[in-house]
Amino acid sequence: MKKLILFFLSALLSLGVLAQEPYPELGAKLDEYFTALAGEPASVQNKECDFLIASCQDSLVRQYVALKIYDHYLQSKIMGDDAVAVHVAQEWFLSGKVAMAEEMDLMNAKVFVEFNKSSLIGMQAPVINTFAPDGSYVKVPGEGYSVLYFYDTGCSTCKVESARLKAFVKEGKYPVTVYAIYVGQDGEAWKAYRSSFAGVTHVWAPAGASWQFQYGVLQTPRMFLVSPSGEILGRGLDTPALQLLLNREFSSGHFVYGESSQMAAFDQLFAAYGDTLKVSDVMDVADYMAARTFGEGNMDAFKQHMGDMLYYVSSRKTEVFREAAVPFVKKYIQLPEVWDTPEDQAQVVSLGELLLDLCSRTPVGTVVSDLRVSGVLRRKPGLFVSGSRAGEFKLRKLKGAPAYVVFYSANCSSCQEMLSAVERVVAENRRARVLLVDMDGLMTDAPEQGRLLLDTFDLSALPMVVELNKKGVVQHKYVDLTAVSGTTPVISSEVEKSH
């Protein structure tokens with residue numbers, strides 16, 4: 001890591017002489033640096049960030065770098081990164097070594113530190129006094145694994161999280177005690193909530209007590225996982241993330257990948273991103289799991305989580321997951337020192353290699369191969385042009401705005417849904433062109449052409465839809481035509497339903 005930072009520093013210092021606000025080149029290099037640091041323990045990242053900030057000789061560059069680092073870790077979705085934000089705020093801004101842009105920013109940093117410094121990952125969980133429904137004291141957390149769930153009955157987000165937590169508790173898979181900690185003031189609402197949620201320890205934490213500072217509960221819901229030794233294992237959790245952590249804690253060392261419960265947990269986790277899911281989000285999840293397993297020396301848990309995620313990513317035929325598969329496999333699967341058994345090779349490494357091969361076939365941004373493909377061209381009927389025409393077509397010459405190539409099988413129910421959507425697409429957009437390619441028919445009537453298409457595109461599962469521009473450049477793959485509205489394609493990044 002030190003070699004990396006020294007290389008980065010030399011580039012940084014050369015930029016510092018000439019850089020002008022807003023330092024776009026420096027910002028890009030910092031983003032690369034954050035990626036290289038991802039997955040390292042917070043203690044390591046703290047030292048690297050301190051070294052980087054201290055090495056900046058120009059005061060304006062130092063301020064920019066410190067603010068950029070602080071903002072990155074403050075906004076990060078990787079659990080544990082907030083510890084780095086707390087450290088940078090205390091070491092550089094609250095100490096007065098580096099000035100913040102505005103006085104209000106400094107005040108916000110003070111509040112952030114005050115409400116987070118006592119409940120970071122790896123710290124001993126603060127013990128708080130709460131009240132049972134009968135008025136007796138209950139110390140939280142208790143013995144064994146403890147889940148601390150701070151909520152309010154009037155919080156809409158809490159209602160969603162409570163429903164997920166109820167399902168988790170009902171499953172009873174893990175030996176944990178869930179403390180449902182009510183932070184409101186409505187006794188009747190709390191009573192109704194308790195009656196609807198069995199299997200947990202219900203307690204009340206009155207407003208104004210120290211727990212708000214100790215656990216940083218500025219809003220609800222807020223969830224923590226605490227080990228039997230009192231160490232905070234997870235903070236800012238939701239139920240799917242809690243399940244992933246507990247899977248790691250109770251890993252048996254017997255690796256069975258892709259079980260339905262694990263796939264459902266990933267479903268819930270990624271569904272939270274909705275339509276905003278990006279490749280970087282997928283990698284953030286992988287980096288977090290790696291930091292909490294491999295980064296802490298738990299190789300069994302690392303292999304279990306990375307294997308499960310590989311199976312999950314490989315089963316999701318959407319553009320985001322297919323694009324994320326490449327950096328994920330290269331970073332976490334192509335590790336011969338980790339995946340070193342025949343079982344690893346058969347169950348994990350070979351699947352990773354296959355996934356890389358499939359993703360490399362006609363990637364987004366490349367010109368489609370100069371192929372003539374047998375199919376049916378669908379377009380909006382006009383005065384002199386029929387709505388469809390069978391024949392051989394050059395993929396580069398479809399000239400649609402946009403043009404879609406739909407690879408399908410006549411015996412596939414999902415394909416039939418996609419074919420039905422084609423009619424709406426061409427009816428709503430006069431400039432659209434859709435080439436329908438029946439892979440079953442091609443493999444029977446023109447097997448050489450069929451095999452060539454299999455080598456050119458990822459046709460591991462049908463339907464497969466590719467969007468091209470007028471020059472034959474691939475704009476998107478794995479398009480869901482059922483989500484195409486009007487003239488604008490909607491590339492769904494939502495988690496697909498489990499098959």
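**Exercise 1. The faces of β1**

Task: In this predicted model, work out which side chains of strand β1 (residues 128-131) point to one face and are buried, and which point to the other and are not.

Solution:
- Step 1. Walk along β1 and you'll see the side chains alternate.
- Step 2. Ile128 and Thr130 share a face, and both are buried.
- Step 3. Asn129 and Phe131 point to the other face and are not buried.

**Exercise 2. The partner strand**

Task: Find how many bridges join β1 to β2, and which residue is the bridge partner of Asn129.

Solution:
- Step 1. Strand β2 covers residues 137-140 and runs antiparallel to β1, with four bridges joining the two.
- Step 2. Pick out Asn129: its bridge partner in β2 is Lys139.
- Step 3. Now look at what links the strands. The hairpin has five residues between them, and one residue there, Gly135, takes a positive phi near 95 degrees.

**Exercise 3. Two prolines**

Task: Determine whether the peptide bonds from Val140 to Pro141 and from Leu462 to Pro463 are cis or trans, and place each proline.

Solution:
- Step 1. Check omega from Val140 to Pro141: the value is near 0 degrees, and the bond is cis.
- Step 2. Pro141 sits in the loop between β2 and β3 (145-151).
- Step 3. Do the same for Leu462 and Pro463. Omega is about 5 degrees, and this bond is cis too.
- Step 4. Pro463 belongs to the loop between α18 (447-456) and β12 (464-468).

**Exercise 4. Positive phi without glycine**

Task: Thr362 and Lys399 each have a positive phi without being glycine. Say where they lie and decide whether each is buried, partly exposed or exposed.

Solution:
- Step 1. Start with Thr362, whose phi is about 50 degrees. Its home is the loop between α15 (342-359) and β8 (372-378).
- Step 2. Buried means under 20% relative accessible area. Thr362 has 10% relative accessibility, so it counts as buried.
- Step 3. On to Lys399, with phi near 60 degrees. This residue is in the loop between β9 (388-394) and β10 (403-408).
- Step 4. Exposed means over 50%. Lys399 comes in at 49%, so it counts as partly exposed.

**Exercise 5. Phe150 and the cores**

Task: Describe the surroundings of Phe150 and the nonpolar core that it helps to build.

Solution:
- Step 1. Phe150 is part of strand β3. Its relative accessibility is 0%, so it counts as buried.
- Step 2. List its contacts, skipping neighbours within four places in sequence. They include Ile128, Ile181, Val183, Trp211, Tyr215 and Phe224. Ile128 should ring a bell: that's one of the buried side chains of β1.
- Step 3. Try a C-alpha distance as well. Phe150 and Ala180 are 30 residues apart in sequence, yet 6.4 Å apart in space.
- Step 4. Zoom out to the largest nonpolar core, with 87 residues. Phe150 is among those with the most contacts inside it, alongside Phe270, Met309, Phe328 and Trp339. Helix α14 (residues 319-333) gives this core its largest share, eight residues.
- Step 5. Another core lies apart from that one. It has 32 residues, among them Leu30, Ile53, Tyr64 and Ala85.
- Step 6. For context, nonpolar side chains in soluble globular proteins tend to be buried together.

**Exercise 6. A lysine and a methionine**

Task: Decide whether Lys303 and Met107 are buried, partly exposed or exposed, and say what surrounds or accompanies them.

Solution:
- Step 1. Lys303 is in helix α13 (residues 299-315). With 8% relative accessibility, under the 20% cut-off, it counts as buried.
- Step 2. Beyond four places in sequence, Lys303 is in contact with Phe255, Tyr257, Val338, Trp339, Asp340 and Asp344.
- Step 3. Met107 is in helix α6 (residues 103-116). Its relative accessibility is 44%, so it counts as partly exposed.
- Step 4. Together with Met104, Val111 and Leu218, Met107 makes a nonpolar surface patch of about 400 Å².

**Exercise 7. The whole chain**

Task: Give the chain's helix and strand counts, its buried percentage and its exposed area.

Solution:
- Step 1. Count the elements: 18 helices and 13 strands.
- Step 2. Of the 499 residues, 49% are buried.
- Step 3. The chain exposes about 23,200 Å², and carbon and sulfur atoms supply 54% of that.
- Step 4. Finish with contacts between residues at least 6 apart in sequence: 69% of them join residues at least 24 apart.

How values were computed
Residues are numbered from 1 along each chain as its sequence is written. This is a predicted model: local features need pLDDT of at least 70, side-chain atom pairs count only at pLDDT 80 or more; totals for chains, interfaces and linings use all residues. Side-chain values use heavy atoms; hydrogens and water are left out. A nonpolar core is a set of buried Ala, Val, Leu, Ile, Met, Phe, Trp, Tyr and Cys residues joined through side-chain atoms within 4.5 Å. Buried means under 20% relative accessible area, exposed over 50%, partly exposed in between (1.4 Å probe, protein chains only). Contact means heavy atoms within 4.5 Å. Patches are made of residues with over 30% relative accessible area and no salt bridge: like charges are joined within 9 Å, nonpolar side chains (Val, Leu, Ile, Met, Phe, Trp, Tyr) within 5 Å. Accessible areas come from the Shrake-Rupley method with a 1.4 Å probe; for residues, only the protein chains shown count as cover. A salt bridge is a side-chain nitrogen of Lys or Arg within 4 Å of a carboxyl oxygen of Asp or Glu. Two strands pair if DSSP finds at least two bridges between them.
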